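Visitor: Please take me through this structure step by step, and explain each term when it comes up.

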There are 2 protein chains.
Amino acid sequence: MKTSLDCIPCLLRQTLEAARLVSTDTTMHEQVLRSVLFWTGEMDLSQSPPAMAQRIHRRLREVSGVDDPYREAKNRWNHLAMELLPALKDQIESSNDPLLMAARLAITGNIIDMGISANLTESNVRQAVEQAMIAPFFGEEDLFREAVARAKSILYLADNAGEIAFDRLLIEQLSPERVTLVVRGAPVINDATLIDARAVGLDKIVEVIDNGSDAPGTILDDCHQEFRHRFATSDMIIAKGQGNFETLSNEPGNLFFLFKVKCPLTAVHVNRPLGMQMLMKSKLGGTL
Amino acid sequence: MKTSLDCIPCLLRQTLEAARLVSTDTTMHEQVLRSVLFWTGEMDLSQSPPAMAQRIHRRLREVSGVDDPYREAKNRWNHLAMELLPALKDQIESSNDPLLMAARLAITGNIIDMGISANLTESNVRQAVEQAMIAPFFGEEDLFREAVARAKSILYLADNAGEIAFDRLLIEQLSPERVTLVVRGAPVINDATLIDARAVGLDKIVEVIDNGSDAPGTILDDCHQEFRHRFATSDMIIAKGQGNFETLSNEPGNLFFLFKVKCPLTAVHVNRPLGMQMLMKSKLGGTL
């Protein structure tokens, strides 16, 4: 997805929210906001929104001098999600359709996105989990089920800390031995890195690699060779979150996007309302 | 009021909304938005938000080649407001407190502000009018009543087209012979100019002058000498709308602000919730 003009006010709002989260120094907030105003003023709009977010969050880390400003928040979200897990596992095990139920819970976990709002609360997450199975849902579950049945190798692109515990529920349904989990190569917003994969025990059940990039999405050119090779050769790719959708929706491959529609432009792009939980096959997707 | 960092994403959103309202040319939208990104990047934040809005709307008029892009909308709002007037006059005449009722209706009319949202509908306005007397209200009506009783000359600073018809209701209660109505010196957003004062017949009952400026507020340094003289010498000044509040809240004078709180920063500034209808005396205000 290209960056729309509507993304720009939103990126600036996010910049300010993030700056306030990483520091209380108002001079720093102003300094970062002014940098972003100049960058967006000359931005190449054919880039996806996560490319600008990557640049913004690099700047925030540089100016604040903190390598991983969301670390504490990420720990908190992982902890909360792990608390919720046993009850959710029970729900999945007693379900008629454990694969779909796990997928829907994994999508529900996508609410834990501090790029969209730095003010997300525990109660927002608990409420989303309670409503997981009644929330508006667009699912190409038959295509998904079929791809899962056929794939020998599945590349699972994680999105956020906290959410990654919900991903574990789905990965457990996928026969973990064929799954490789991919996390970001370095901290950006509350996106999951290796620390988070370990925090929710995913390193114990699947191979975990990082993609070498600090973009809050998957910008292939910015990822290291090993990841790009896996991306090109895996039988099936499951990409979590709107950032991965925004950066990969124009890539060919047997790709499935699992995310919550969080912005009006993505809503238009997928032709579904805001808030919709999506399980969709890439329009450019091949089959096995 | 100074410009806050939070104003910047909002000014950019408004720029885009306004650009789309004045033209369907997306290249033009991008061009204007990029200009505003550069300006806000180097903006002096000690200026009030209407100073940047003035610059943005000048640019929109220049790039679109349309002198008064909101003219049609302004005519429509004037027309709607004039339709509502007879019933509102009856309400005032049968009221126990016609002055306060007229003031509250004048504040209600402040909803007709296309700077805040270009998507305001007729039904929003009709609903606001129906709820005018039950809407949350902060009123220093005793101070207001007293000032009205004493003043020999009242300068009434109008805000928007449409709203100016509601102002007529209040002006009729003020003994019009001592009132001078002030409108903007040139078109900006849907702010009222001489055309609008005439459209609602105010030129028939009071002296009408313009302030010489195209800012969506009252930036004294930008107004012509005649207006500044009137501002300095009038016994009482009634300033309508948030733009006038933002630009005049630090000016001394026997000033009363009548407006609806439309942004979270103004809400903090006046220590009242968003949506509140305000009738407040300037904190720097003198008395007669």
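Guide: Two residues are in contact if their C-beta atoms, placed from the backbone, lie within 7 Å. This is a predicted model, in which local features need pLDDT of at least 70 and side-chain atom pairs count only at pLDDT 80 or more, while totals for chains, interfaces and linings use all residues. Residues are numbered from 1 along each chain as its sequence is written, and chains are lettered from A and ligands numbered from 1 in the order in which they are written.

Visitor: What kind of axis relates the two copies?
Guide: The copies are superposed by least squares on the C-alpha atoms of residues with pLDDT of at least 70 in both. Chain A falls on chain B, with an RMSD of 0.0 Å, after a rotation of 180° and a shift of 0.1 Å along the axis. The two copies are therefore related as by a two-fold rotation axis.

Visitor: Which element gives the largest share of the side of chain A that touches chain B?
Guide: Chain A and chain B each bring 15 residues to the contact, and since 100% of the interface residues of chain A are also interface residues in chain B, the copies meet through the same surface. Helices and strands here are DSSP runs numbered from the N terminus, a helix being H or I with at least four residues and a strand being E with at least two. On the side of chain A that touches chain B, the elements giving two or more residues are H1 (7-22) and H2 (26-41) of chain A. The largest share of that side, 8 residues, comes from H2(A).

Visitor: Which helix gives the most to the side of domain 1 of chain A that touches domain 2 of chain A?
Guide: The domain bounds, which come from an automatic or database domain assignment, place domain 1 of chain A at 7-64 and domain 2 at 71-281. Their C-alpha centres lie 25 Å apart, and 13 residues of domain 1 of chain A are in contact with 13 residues of domain 2 of chain A. On the domain 1 side, H1 and H3 (49-64) of chain A each supply at least two residues. The most, 7 residues, is given by H3(A).

Visitor: Is Leu202(A) buried or exposed?
Guide: Leu202(A) is placed in the loop between H9 (194-199) and S4 of chain A. Leaving out residues up to four places away in sequence, it touches Ile164(A), Arg168(A), Ile171(A), Leu181(A), Ala197(A) and Val208(A). A residue is buried if 20 or more other C-beta atoms, placed from the backbone, lie within 10 Å of its own, exposed if 12 or fewer do, and partly exposed in between. Because Leu202(A) has 26 C-beta neighbours inside 10 Å, it counts as buried.

Visitor: Which residue of S4(A) is the bridge partner of Leu181(A)?
Guide: Two strands pair if DSSP finds at least two bridges between them, and S3 (residues 179-183) of chain A pairs with S4(A) in the parallel sense over 4 bridges. Along S4 (residues 207-210) of chain A the side chains alternate, with Glu207(A) and Ile209(A) pointing to one face and not buried, while Val208(A) and Asp210(A) point to the other and are buried. The bridge partner of Leu181(A) in S4(A) is Val208(A).

Visitor: How many of the residues of S6(A) are buried?
Guide: S5 (residues 236-240) of chain A pairs in the parallel sense with S6(A) over 4 bridges, and the bridge partner of Ile238(A) there is Phe256(A). Both faces of S6(A) are covered, with Leu255(A), Phe257(A) and Phe259(A) buried on one side and Phe256(A), Leu258(A) and Lys260(A) buried on the other. The count of buried residues in S6 (residues 255-260) of chain A is thus stated as 6 of its 6.

Visitor: How many of the 11 residues of H8 of chain B are buried?
Guide: The cover over the buried residues of H8(B) includes H4 (71-93), H5 (98-108) and S2 (154-157) of chain B, among others. Those buried residues include Glu163(B), Phe166(B) and Ile171(B). H8 (residues 163-173) of chain B is largely enclosed by the rest of the structure, because the number of its 11 residues that are buried is 9.

Visitor: What is the phi of Asn271(B) near?
Guide: Most residues other than glycine have a negative phi, and most peptide bonds are trans. Asn271(B) is found in the loop between H12 (264-270) and S7 (277-281) of chain B, and because it has 8 other C-beta atoms within 10 Å it is exposed. Its phi is a positive value in a residue other than glycine, near 60°.
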